[in-house]
Amino acid sequence: MKKRIIVIKKSSKKQKFSAEKIKKSIDEAAKEANISKRKREEIEKEILKKVFKIIENRGVITTAEIRDLVLIYLKKEYMPIFKTWMTYEALKMQRRAMELQ
């Protein structure tokens with residue numbers, strides 16, 4: 001029987017682990033990096049398998065830890081997707097900074 005994994009969000013809210021959220025994030029970055037749908041699905045499965053192997057026995061993990069695991073694998077094995085993801089995050093931070101002015 002698989003252990004239920006709880007994810008702690010930045011807001012401290014707790015929720016059940018959702019592989020779909022990780023797949024969606026990877027898919028969006030990979031699509032922006034012009035990766036084919038078939039290859040995106042392969043990459044998503046591969047990374048989810050690696051992430052889940054690490055977190056399955058923990059029970060609790062933060063969204064930041066999940067993000068870091070995904071980015072480690074992307075950087076090591078799929079640099080174009082990693083770069084797209086990081087560009088998106090940089091733009092998001094710039095928008096937030098502008099909103100605070």
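Four helices and three strands make up the protein in this predicted model. Read from the N terminus, the elements follow the order β-β-α-α-β-α-α. Taken along the principal axes, the box filled by the C-alpha atoms is roughly 45 × 35 × 20 Å.

The three strands form an open sheet in the order β2-β1-β3, and the pairing within this sheet is mixed. Strands β2 (14–16) and β3 (60–62) lie at the edges, each of them paired on one side only. From one strand to the next, the twist averages 35°. In general, the strands of a sheet are held in pairs by backbone hydrogen bonds, in either a parallel or an antiparallel arrangement. Strand β1 (residues 6–8) and strand β2 run antiparallel and are joined by three bridges. Within this pair, Q15 of β2 is the residue that stands opposite V7.

Helix α3 is placed against the sheet, where it lies across β1 and β3 and runs at about 75° to β3. Helix α3 (residues 63–77) also meets helix α4 (residues 79–100): the two axes come within 6 Å and cross at roughly 135°. The relation of α3 to α4 is therefore classed as oblique, since a crossing counts as roughly antiparallel only over 145 degrees. On the α3 side, the contact is made by R67, V70, L71, L74, K75 and E77. Helix α4 contributes M79, I81, F82, W85, M86 and E89 to the contact. By class, eight of the residues in the contact of α3 with α4 are nonpolar and four are charged, with no polar residue present.

Helix α4 has a further packing partner in helix α1. The axes of α1 and α4 are 8 Å apart, and the packing angle is about 105°. Because angles of 65 to 115 degrees fall in that class, α1 is roughly perpendicular to α4. Residues S25, I26, A29, A30 and E32 of α1 make this contact together with I81, T84 and W85 of α4. The contact of α1 with α4 comprises five nonpolar, two polar and one charged residues. I81 and W85 of α4 thus take part in the contact with α1 and also in the contact with α3.

The largest pocket has a volume of about 1,000 Å³. It is lined by 27 residues, of which S25, R67, W85, E89 and K92 are the closest to its centre. Among these, S25 and W85 belong to the contact between α1 and α4, while R67, W85 and E89 belong to the contact between α3 and α4. At least two lining residues come from each of β2, α1 (19–32), α3 and α4. By class, the lining of the largest pocket contains 10 nonpolar, six polar and 11 charged residues. Charged residues are thus present in the lining of the pocket, as they are in the contact of α3 with α4.

Notes:
Residues numbered from 1 in each chain as written. Predicted model: local features only at pLDDT ≥ 70, side-chain atom pairs only at ≥ 80, totals over all residues. Heavy atoms only, no water. Axes fitted to C-alpha atoms, helices over the stretch in contact; angles between N-to-C directions. Parallel < 35°, antiparallel > 145°, perpendicular 65-115°, else oblique. Contact = heavy atoms within 4.5 Å. Nonpolar A, V, L, I, M, F, W, Y, C, P; charged D, E, K, R; others polar. Pairing = 2+ DSSP bridges. 1 Å grid on protein atoms, 1.4 Å probe; cavity = no way out; pocket = protein on both sides within 12 Å on 5 of 7 lines; lining within 4 Å. Points joined across faces, edges and corners; volume = space filled by probe spheres on them.
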